[in-house]
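Open the model in your viewer and keep the selection box handy. We will go from stop to stop, with something to click on at each one.

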Amino acid sequence: SDKIIELVLTTPFDITTAYWTGVSLSISSQTGNPRSLMLSSDGLKLYLKGSTTTQLFEYSMSTAYDLSTAVFNKTITLSSAVDYVTMSHDGSRLYGSTGTTIVEYDSPAGQAAAVLELHSAPWISSAASTSANNFYVNDAETLLVASDGSTLRSFILDSDANLGKWQVSSTFSAGAGSISVSLSSTETEMYVLKGTSNIIEQYA
């Protein structure tokens with residue numbers, strides 16, 4: 001858990017074509033407990049969230065998406081404590097979650113400030129029992145998919161969008177150990193990381 005490895009998919013979004021390139025990046029100097037990993041849309045920045053609730057680590061890559069060229073750049077402080085983070089596909093928003101609360105930050109991309117401030121009021125899940133461990137938010141902020149460890153829930157904005165309230169639209173049982181979820185840019189493929197068995201499952 002103290003390194004990042006690089007895999008290549010010979011067919012985009014098809015994990016059956018994935019293979020390890022043999023490249024890895026040690027993150028032991030920053031964290032030994034990685035929780036969230038994100039790439040900027042241009043592939044030149046990598047962001048890592050560890051167990052420290054207010055720290056985000058930034059790495060720079062001189063060649064886009066080439067982990068062998070990655071070097072640690074800086075530590076970014078989040079203005080409020082969160083457990084997990086994710087970034088929109090276009091890199092314009094960063095989101096953090098803790099328990100049933102999701103907060104939105106200004107994006108770290110191009111930010112000179114060392115502290116990321118909250119962009120809006122927290123979004124609160126209308127289902128009090130729904131915790132968002134790792135989660136996905138689309139660029140339009142109209143869809144959220146969250147995993148609580150076994151069940152995936154999709155949310156849509158309700159009519160009172162200004163309050164940032166979300167309503168559950170559907171649920172899907174992905175089984176125990178479903179610790180992370182992500183969708184392709186077209187939102188036609190979904191990927192679930194099963195931490196208990198060290199596998200990634202792909203759903204259409």
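Which backbone nitrogen does the side chain of Thr 17 reach at 3.1 Å? Select Thr 17 and look for Thr 11: its backbone nitrogen is the one that the Thr 17 side chain reaches at that distance. Before going further, please keep in mind that this is a predicted model.

**Stop 1: around Thr 17**

Stay on Thr 17, which sits in the loop between strand 1 and strand 2. Now add Thr 10 to the selection: a polar atom of the Thr 17 side chain lies 3.3 Å from the backbone nitrogen of Thr 10. Leaving aside residues up to four places away in sequence, Thr 17 touches Val 8, Leu 9, Thr 10 and Thr 11. Is Thr 17 buried or exposed? Its relative accessibility is 19%, so Thr 17 counts as buried, the cut-off for buried being under 20%.

Next, select Phe 13, found in the loop between strand 1 and strand 2. Check its backbone angles: Phe 13 has a positive phi of about 70°, although it is not a glycine. Most residues other than glycine have a negative phi. With a relative accessibility of 37%, Phe 13 counts as partly exposed.

**Stop 2: a nonpolar patch**

Switch to a surface view and color Ile 5, Leu 7 and Trp 20. Together, Ile 5, Leu 7 and Trp 20 make a nonpolar surface patch of about 310 Å². Of these, Leu 7 belongs to strand 1, which covers residues 3-9. Leu 7 counts as partly exposed because its relative accessibility is 46%.

**Stop 3: two salt bridges**

How many salt bridges are there? The count comes to 2, and we can visit each in turn. Side chains of opposite charge can pair when their charged atoms come close.

Start with Asp 83 and Arg 35, whose side chains meet in a salt bridge with an N to O distance of 3.6 Å. This pair links distant parts of the chain, 48 residues apart: Asp 83 is in the loop between strand 6 (70-78) and strand 7, while Arg 35 is in the loop between strand 2 (18-26) and strand 3 (36-39). Asp 83 counts as partly exposed at 23% relative accessibility, and Arg 35 counts as partly exposed at 29%.

Then select Lys 45 and Glu 58, where the closest N and O atoms of the salt bridge are 3.8 Å apart. Lys 45 lies in strand 4 (residues 45-49) and Glu 58 in strand 5 (residues 55-61), so the pair ties together parts that are 13 residues apart in sequence. Show the surface here and turn to each partner: Lys 45 is partly exposed, with a relative accessible area of 26%, whereas Glu 58 counts as buried at 2%.

**Stop 4: a loop residue, Tyr 65**

Move to Tyr 65, in the loop between strand 5 and strand 6. Its phi is positive, at about 65°, although Tyr 65 is not a glycine. Tyr 65 is partly exposed, with a relative accessible area of 47%.

**Stop 5: the hairpin of strands 7 and 8**

Select residues 84-87 and 93-98, which are strand 7 and strand 8; these strands pair in the antiparallel sense over 4 bridges. Which residue in strand 8 is the bridge partner of Val 85? Click on Gly 96, and you have the partner of Val 85. Strand 7 and strand 8 form a hairpin with 5 residues between them, and Gly 91 in the turn has a positive phi of about 75°.

While you are in strand 8, pick out Tyr 95. Tyr 95 counts as buried because its relative accessibility is 0%. Draw a distance from its C-alpha to that of Val 82: Tyr 95 and Val 82 are 9.2 Å apart in space and 13 residues apart in sequence.

**Last stop: the whole chain**

Zoom out and switch to a cartoon view. How many helices and strands does the chain have? The secondary structure comes to 0 helices and 17 strands. Among the 204 residues of the chain, 38% count as buried. For contacts with a separation of 6 or more, 38% are accounted for by residues 24 or more positions apart. Finally, turn the surface back on: the chain exposes about 9900 Å², with carbon and sulfur atoms supplying 52% of it.

Terms used. Residues numbered from 1 in each chain as written. Predicted model: local features only at pLDDT ≥ 70, side-chain atom pairs only at ≥ 80, totals over all residues. Heavy atoms only, no water. Patch = residues over 30% accessible without salt bridge, like charges linked within 9 Å, V, L, I, M, F, W, Y side chains within 5 Å. Areas by Shrake-Rupley, 256 points an atom, 1.4 Å probe, with all protein chains shown as cover. Salt bridge = Lys/Arg side-chain N within 4 Å of Asp/Glu carboxyl O. Helix = DSSP H or I, 4+ residues; strand = E, 2+ residues; numbered from the N terminus. Buried < 20%, exposed > 50% of the residue type's maximum accessible area, 1.4 Å probe, protein only. Pairing = 2+ DSSP bridges. Polar contact = N/O pair within 3.5 Å; in protein donor to acceptor, adjacent residues only side chain to side chain. Contact = heavy atoms within 4.5 Å.
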